[in-house]
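Okay, thanks everyone for coming. I'll walk you through one structure today, going from the overall fold down to a few single residues.

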Amino acid sequence: EVQLVESGGGLVQAGGSLRLSCVVSGLNFNDHAIGWFRQAPGKEREGVSCILNSEGSTYYADFAKGRFTISNDKAKNTVYLQMNSLKPEDTAVYYCAVQSRLNPEMNEADFSPWGQGTQVTVSS
């Protein structure tokens, strides 16, 4: 069974930092890309960042560039999302997911399965 478990969310003041973790099991980690998405109340789910585990190539949404960094640790089957200079508008549930269909864009329909999500709350 493929499982993804997110952790690292919490409450932080604006300007602070958090590091999210996504532990993946049940598949060959090196054969897949892992993406981070987020969803705030009343808003659509949106892609944040993605990493191709074999190559280390990374992709970022415009709002994440310069503030967020995605990385992996192949020995631990773990993908990280380092988030710096957090803003209140970053408040959302953050999910990681396996890319199941090759696509140069981060389309939600091309990712499965999904983790349970971890809450990030940024106060002003």
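**From a loop glycine to the whole chain**

Let's start with G66, which you'll find in the loop between β6 (58–60) and β7 (68–73). Before I go further, please keep in mind that this is a predicted model. Is G66 buried or exposed? It's exposed, with 84% relative accessible area. Its C-alpha sits 9.7 Å from that of M83, and those two are 17 residues apart in sequence.

Okay, zooming out. How many helices and strands does the protein chain have? The count is 0 helices and 11 strands, so if you read along the sequence you just get β after β, β-β-β-β-β-β-β-β-β-β-β. The radius of gyration is 13 Å, close to the 14 Å that the globule rule gives for 124 residues, so the chain is as compact as a globular protein of that length. If you want dimensions, the C-alpha trace spans about 40 × 30 × 25 Å along its principal axes.

What about the inside? Of the 124 residues, 40% are buried. And if you take the contacts with a separation of 6 or more, 56% of them come from residues 24 or more positions apart. On the outside, the accessible surface is about 6300 Å², and carbon and sulfur atoms account for 46% of that. For charges, there are 10 positive and 13 negative side chains, with the centres of the two sets 6 Å apart.

Now the cysteines, which I know some of you will ask about. The structure has 1 disulfide, and it joins C22 to C96, with the sulfurs 2.1 Å apart. C22 is in strand β3 (residues 18–25) and C96 is in strand β9 (residues 92–99), so the pair ties together parts that are 74 residues apart in sequence. Both C22 and C96 are buried. The torsion about their S-S bond is about 75°, so this disulfide is right-handed.

Then there's C50. Why isn't C50 in a bond with C22? The C22 sulfur is the closest cysteine sulfur to that of C50, but at 11 Å it's too far for a bond. C50 also counts as buried, because its relative accessibility is 4% and the cut-off is under 20%.

Let me move on to backbone geometry. As a reminder, most residues other than glycine have a negative phi, and most peptide bonds are trans. Here are some that go the other way. Phi of N77 is near 50°, so a positive value in a non-glycine residue. N77 is in the loop between β7 and β8 (78–83), and it's partly exposed at 24% relative accessible area. S85 also has a positive phi, near 50°. You'll find S85 in the loop between β8 and β9, partly exposed at 40% relative accessibility.

And where is the cis peptide bond? It joins S112 and P113, with omega at about -5°. P113 belongs to strand β10 (residues 111–114).

One more residue before I stop, and that's N28. N28 is in the loop between β3 and β4 (33–39), and at 45% relative accessibility it counts as partly exposed. Its partner in my last distance is R101, 73 residues away along the chain, and their C-alpha atoms are 15 Å apart.

Okay, that's my tour. Happy to take questions.

Conventions:
Residues numbered from 1 in each chain as written. Predicted model: local features only at pLDDT ≥ 70, side-chain atom pairs only at ≥ 80, totals over all residues. Heavy atoms only, no water. Helix = DSSP H or I, 4+ residues; strand = E, 2+ residues; numbered from the N terminus. Rg over C-alpha atoms; globule rule 2.2 N^0.38 Å. Buried < 20%, exposed > 50% of the residue type's maximum accessible area, 1.4 Å probe, protein only. Contact = heavy atoms within 4.5 Å. Areas by Shrake-Rupley, 256 points an atom, 1.4 Å probe, with all protein chains shown as cover. Lys, Arg positive; Asp, Glu negative; His and termini not counted. Charge placed at Lys NZ, Arg CZ, Asp CG, Glu CD. Disulfide = S-S within 2.5 Å.
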